[in-house]
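Reader: Please take a close look at the surroundings of the ligand in this model. I would like one connected account, with the rest of the chain brought in where it helps.

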Amino acid sequence: MWSPTLRPPVVAVMSVALFIGACASAPPEVPVGPDGEPDPVLVSGREVYAARCSSCHGSAGDGGSGPRLAGVVADVFPDPGDQALVIREGRDNMPGFDSRLSDDQIDAVVRYTREVLG
Ligand code: HEC
């Protein structure tokens with residue numbers, strides 16, 4: 001039977017679910033380095049990834065309409081320059097970002113996908 005006393009726990013469970021959902025949709029944070037600060041290049045790479053890439057490749061790089069990047073991208077592209085080229089020029093259903101991202105942003109997002117997504 002419905003009782004008003006059941007409502008607060010339901011609200012609490014929903015809040016937790018929303019909280020977890022919000023975390024899952026943000027790409028992983030850059031870990032702090034030996035100096036206690038995250039590498040600013042990786043922080044900028046994370047911003048680029050969140051804004052431009054996560055919609056297709058998944059917030060944690062685990063894939064979506066685009067292929068999985070996390071854990072595989074460094075094997076697929078032993079040379080990070082080849083990975084940057086795909087991002088610049090695009091390939092099949094992947095748009096090219098040459099005119100929309102600076103060289104520094106492309107280098108930063110390449111590093112982020114290799115070093116933080118793993
Ligand atoms: C509109 C969706 C979309 C967006 C946005 C997008 N990608 Fe892709 N990406 C794809 C698809 C689809 C492929 C597979 C292309 C193919 O079939 O060759 C791909 C391939 C790649 C590859 C090669 C993966 C491999 O295993 O060969 C890399 C690296 C990559 N994307 C990185 C990025 C980065 C970094 C961004 C953001 C700057 C980005 N992508 C934005 C859809 C997207």
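Author: What follows starts with the chain as a whole, turns to the ligand and its shell, and then goes through single residues by element.

The model is predicted. The secondary structure of the protein chain consists of five helices and zero strands, and along the sequence the pattern reads α-α-α-α-α. The chain has 118 residues, of which 30% are buried. For contacts between residues at least 6 apart in sequence, 52% link residues that are at least 24 apart.

The ligand comes next. The ligand sits in the largest pocket. There are 22 residues around the ligand, and those that come nearest are Cys53, Cys56, His57, Arg91 and Met94. By class, the shell around the ligand holds 14 nonpolar residues, five polar ones and three charged ones. Three helices each supply at least two residues of this shell: helix 2 (40-57), helix 3 (73-76) and helix 4 (80-89). Helix 2 gives the most, with four residues.

Some polar atom pairs can be placed by distance. In His57, a polar side-chain atom lies 2.8 Å from a nitrogen atom of the ligand. In Arg91, a polar side-chain atom lies 2.7 Å from an oxygen atom of the ligand. For Asp92, an N or O atom in the side chain is 3.5 Å from an oxygen atom of the ligand. His57 and Arg91 are also among the residues that come nearest to the ligand.

Asp92 deserves a further word on its backbone and its setting. Asp92 belongs to the loop between helix 4 and helix 5 (103-115). Its phi is near 50°, a positive value in a residue other than glycine. Most residues other than glycine have a negative phi. Is Asp92 buried or exposed? Asp92 has a relative accessible area of 80%, which is over the 50% cut-off, and therefore counts as exposed. That value is computed on the protein chains only, so the ligand plays no part in the exposure given for Asp92.

Helix 2, which gives the most residues to the shell, also holds two serines that can be set side by side. Ser54 is in helix 2, and Ser44 lies in helix 2 as well. The relative accessibility of Ser54 is 16%, under the 20% limit, so Ser54 is buried. Ser44 has a relative accessible area of 27%, which falls between the two limits of 20% and 50%, so Ser44 is partly exposed. Apart from neighbours within four places in sequence, Ser54 is in contact with Tyr49 and Ser59. Ser44 can be related to a distant part of the sequence: Ser44 and Val109 are 65 residues apart in sequence, yet their C-alpha atoms are 7.5 Å apart in space.

The loop that leads into helix 2 offers another case. Ala26 is found in the loop between helix 1 (7-24) and helix 2. With 35% relative accessibility, Ala26 counts as partly exposed. Once neighbours within four places in sequence are set aside, Ala26 is in contact with Arg46 and Ser59. Ser59 is thus a contact of Ala26 and also of Ser54. From C-alpha to C-alpha, Ala26 and Ala60 are 7.7 Å apart, with their positions 34 residues apart in sequence.

On the other side of helix 2 in sequence, the loop between helix 2 and helix 3 contains Ser65 and Val72. Ser65 is exposed, at 68% relative accessibility, whereas Val72 is partly exposed, with a relative accessible area of 31%. Each can be paired with a residue further along the chain. Ser65 and Asn93 are 28 residues apart along the chain, and their C-alpha atoms are separated by 9.1 Å. Val72 and Gly118 are 46 residues apart along the chain, and the separation of their C-alpha atoms is 7.8 Å.

To return to the part asked about: the ligand sits in the largest pocket, and its shell includes residues from helix 2, helix 3 and helix 4. Polar side-chain atoms of His57 and Arg91 are placed at 2.8 Å from a ligand nitrogen and 2.7 Å from a ligand oxygen, respectively. The Asp92 pair, with a ligand oxygen, is at 3.5 Å.

Notes: Residues numbered from 1 in each chain as written. Predicted model: local features only at pLDDT ≥ 70, side-chain atom pairs only at ≥ 80, totals over all residues. Heavy atoms only, no water. Near = heavy atom within 4 Å. Polar contact = N/O pair within 3.5 Å; in protein donor to acceptor, adjacent residues only side chain to side chain. 1 Å grid on protein atoms, 1.4 Å probe; cavity = no way out; pocket = protein on both sides within 12 Å on 5 of 7 lines; lining within 4 Å. Sits in = over half its atoms within 2 Å of the grid points. Nonpolar A, V, L, I, M, F, W, Y, C, P; charged D, E, K, R; others polar. Buried < 20%, exposed > 50% of the residue type's maximum accessible area, 1.4 Å probe, protein only. Contact = heavy atoms within 4.5 Å.
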